[in-house]
Structures are given as C-alpha cells and as structure tokens.
Amino acid sequence: MRPLDRATTALAGLGVAATRRVPGGAILFYHGVVDRIVDARVQKNQLATPDFMKQIAWLERHFRFVGVDEVLAAAEGEATLAPGWICLTFDDGYASNHDRVADLLGARPWACYVSTAHVDDGHRVMGYRVRRTVLYGEGVLRVPTLGLTAPLGDDAGRAKLAHWLAGQLKHLPRARHDAALAEIEGHLSADRRADLDARFASEGFMGWEEVRALARAGVHIGGHAHEHVLLHPGQAPAEVQAQVATSAARLTAELGVAPTTFAWPNGGARDVSAAAVAALAASPYRLALTTIAGGAVPGRQPRWLLPRIGTGTLPALQRGLARRGLEAGRCARALSTLAATVGA
Ligand SMILES: [Zn+2]
C-alpha cells in the first residue's frame with residue numbers, strides 16, 4: 001500500500017473528525033437512481049436505490065446538507081458556510097429525478113442540472129446511445145467519420161470499444177460528433193433501438209411538467225447546456241454561445257425564472273473553454289460546477305470552476321471525500337492552471 005493510500009484509508013475511517021478538519025465542503029454529482037439495474041454496462045449513470053440510500057444515511061451522519069443557493073451565496077461573498085457541508089447535485093435530467101429521487105431525498109436540499117433539448121423532446125444522451133449499439137449490436141460496426149471498421153466480438157471487447165467511441169465523440173466538434181453518432185446508431189434498426197430504449201427506461205428524461213413539479217417542491221434547477229454539447233475549445237464559439245444562451249432561455253421560459261447556476265457537460269478540465277466562460281459571464285448564470293475532483297471552497301475558488309466529487313459505491317465516495325483534503329493542493333493547482341487558460 002502506498003503512503004497516500006494508507007493515509008486516505010485512515011482518513012476514511014475517521015469519519016466526522018477527519019471531515020471537519022478540511023476547509024469548505026463538497027459538492028457531489030449523481031445522475032439517476034433506479035430500483036433495479038438491468039445491465040450495469042449500459043446503465044452506467046444509474047445507481048441502485050439501496051446503494052443510494054446507504055450513501056445518504058452515511059452522509060447524514062457526517063455532514064450537513066446545504067443547497068446550491070447557499071453555495072452560490074458563499075461564492076458571491078454574501079454568506080459564509082461553516083466547514084463540514086455537503087451539496088447534492090444530479091446531472092442531465094433523468095426521469096428518476098422526479099419519479100424516485102424526490103421521494104427518497106424528502107426535505108433535504110438538492111439540485112438538478114437539465115439539458116434543455118433532452119427535456120424538450122426526450123432524446124437520450126450520446127453515451128447511452130453508443131453503449132446500447134455497441135453492446136447489443138451484431139456483425140461489423142462501421143463509423144466512416146472516424147475511419148473505423150470494428151467487428152463486434154466478445155463482451156470485454158465491446159465494453160472497451162463503447163468506452164473508446166464515447167471518448168472520441170465527446171471531444172469532436174459538434175458536426176462531426178453528430179455525423180459519427182448517426183453512423184453508430186444506424187447499425188441498429190429503428191425497432192431494435194425502440195426495444196432497447198423500452199428495456200432501459202432509466203435512460204429516459206423528465207418532461208417539463210416533471211421539471212416544474214421539482215422546482216415547485218424547492219429543488220434547485222440549473223442549466224447543463226441545451227443539447228449536452230461539450231463546451232470544449234474545439235467547439236465553434238457560435239455553438240458554445242448558443243448552447244449556453246438557449247439553455248438559459250428555455251429554462252426561463254418553462255420555469256418563469258432565470259436560472260442562476262450551470263453544470264458543465266462532462267465537466268472535466270478538457271471540457272471547459274475561454275469562449276464558454278465568456279458565454280456564461282454574459283448569461284444569467286452566476287456559478288458553474290465542473291467534475292474536477294476536490295473539495296469546494298466557494299468564494300476562494302473560481303466561480304466558473306467549482307469542483308465536484310463523483311459518487312458510485314459508498315466506499316468509493318468515502319475515499320473521494322477523504323482525499324479531498326489530502327488532494328486540496330493538487331485540485332487548487334489544477335483550478336488555477338485552468339482558470340489562467342480560460343480566463344475564469
Ligand atoms: Zn451530463
């Protein structure tokens with residue numbers, strides 16, 4: 001065991017004493033919660049209800065839940081947050097956010113970041129569409145846009161291919177991304193796609209009625225681009241501008257109030273650009289959340305680059321939270337390098 005592993009394991013076991021020593025708090029990101037996972041290889045964004053509730057029970061013992069509005073107030077210097085807080089966020093806008101998560105979380109504060117075009121028409125995110133095609137297709141997959149011809153073989157090979165393809169598409173400019181995705185999806189017949197979509201209902205989105213019901217119940221609703229297009233430096237500035245502005249306009253039109261916070265699609269350091277930061281600064285959004293791992297210290301970190309910690313299993317979440325103090329220096333360095341590059 002490396003020294004860092006020993007230290008994080010020890011910290012994870014210390015629970016509340018350890019968490020209180022770390023400045024700030026942590027913002028966690030989830031996607032969907034379902035009672036039963038049918039195929040974990042496809043439903044990578046879904047957490048089973050018992051696993052989710054185990055996390056909530058543990059978090060409740062060690063942290064104080066706060067809402068994104070409190071994080072925003074701290075980022076703007078209008079309030080201070082005592083250390084030891086946790087903030088729950090859910091990305092994309094999966095139907096289970098309304099159908100399941102709202103009941104499971106009850107009165108606890110949480111936030112939902114929706115890609116507005118997906119709520120408009122129910123189409124699903126690229127990662128799922130690639131996984132369902134590669135894992136359930138037959139024969140040879142051809143993706144001319146990527147110069148790829150790949151026989152769909154054993155399960156391990158398919159899982160690797162799906163992961164590789166999704167990674168490639170994420171970092172393409174919009175037009176090539178759309179062309180490659182159409183070629184991938186064309187491998188399955190419309191009937192086969194419909195069958196698989198019915199089987200994986202967990203990957204479906206809320207409609208606006210459901211989003212409005214969450215907002216009325218006090219859930220913070222934020223933006224996640226219009227079409228979940230990644231706002232990386234390879235994206236045309238006009239595309240970036242449209243993704244940010246349209247998401248804010250659609251949320252304002254449907255909810256009757258302008259959104260204040262945004263979660264970067266994908267959210268890594270490669271998924272953020274100077275054009276996107278400028279577009280956010282010119283929009284109603286006042287804060288943006290990344291998936292760069294680390295503890296959050298709103299007011300001290302750039303407001304367009306707040307870190308978040310991914311979830312998964314409870315032990316993985318505990319390790320992520322324990323590391324946020326040990327890795328504070330690394331996170332701070334990553335944020336300051338990125339902030340200098342993108343002008344955040
Ligand atoms: Zn997302």
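**Exercise 1.** Which strands do the buried residues of α4 pack against?

*Solution.* Keep in mind that this is a predicted model. Start with the helix itself: α4 covers residues 68-75, and 6 of its 8 residues are buried. Next, pick those residues out: they are Val 68, Glu 70, Val 71, Leu 72, Ala 74 and Ala 75. Now look for their partners, and you get β1 (25-30), β5 (85-92), β6 (111-114), β9 (220-223), β10 (261-263) and β11 (287-289). Finally, check what comes after the helix: α4 is followed by Gly 77, with a positive phi near 75 degrees.

**Exercise 2.** Take Asp 92 and Asn 266, then work out where each one sits and whether it is buried or exposed.

*Solution.* Begin with the backbone. Most residues other than glycine have a negative phi. Asp 92 isn't a glycine, yet its phi is positive, about 95 degrees. Asn 266 isn't a glycine either, and its phi is also positive, at about 70 degrees. Then place them: Asp 92 belongs to strand β5, while Asn 266 is in the loop between β10 and α13. For burial, the cut-off is 20 or more other C-beta atoms within 10 Å. Asp 92 has 26 of them, so it is buried. Asn 266 has 20, so it counts as buried too.

**Exercise 3.** Describe how α12 and α13 pack.

*Solution.* Two packed helices are described by the angle between their axes and the distance between the axes. For α12 (residues 237-255) and α13 (residues 274-281), the angle is about 35 degrees and the axes are 9 Å apart. The crossing is right-handed. Now list who meets whom: α12 brings Pro 237, Val 240, Gln 241, Val 244 and Ala 245, and α13 brings Ala 275, Ala 276, Ala 279 and Leu 280. Sort that contact by class and you find 8 nonpolar residues, 1 polar and no charged ones.

**Exercise 4.** Split the chain into domains and characterise the contact between them.

*Solution.* Domain 1 is 3-123 + 204-342, and domain 2 is 126-199. Their C-alpha centres lie 27 Å apart. The contact takes 12 residues from domain 1 and 10 residues from domain 2. On the domain 1 side, the touching residues come out as 5 nonpolar, 4 polar and 3 charged.

**Exercise 5.** Is Arg 319 buried or partly exposed?

*Solution.* First locate Arg 319: it lies in helix α14 (residues 314-326). Then count its neighbours: there are 18 other C-beta atoms within 10 Å, so Arg 319 is partly exposed. For a distance check, Arg 319 and Ala 334 are 15 residues apart in sequence and 20 Å apart in space, C-alpha to C-alpha.

Methods
Residues numbered from 1 in each chain as written. Predicted model: local features only at pLDDT ≥ 70, side-chain atom pairs only at ≥ 80, totals over all residues. Helix = DSSP H or I, 4+ residues; strand = E, 2+ residues; numbered from the N terminus. Domains from an automatic or database assignment. Contact = placed C-beta atoms within 7 Å. Nonpolar A, V, L, I, M, F, W, Y, C, P; charged D, E, K, R; others polar. Axes fitted to C-alpha atoms, helices over the stretch in contact; angles between N-to-C directions. Left-handed = near helix turned anticlockwise from the far one by under 90°. Buried ≥ 20, exposed ≤ 12 C-beta atoms within 10 Å, placed from the backbone.
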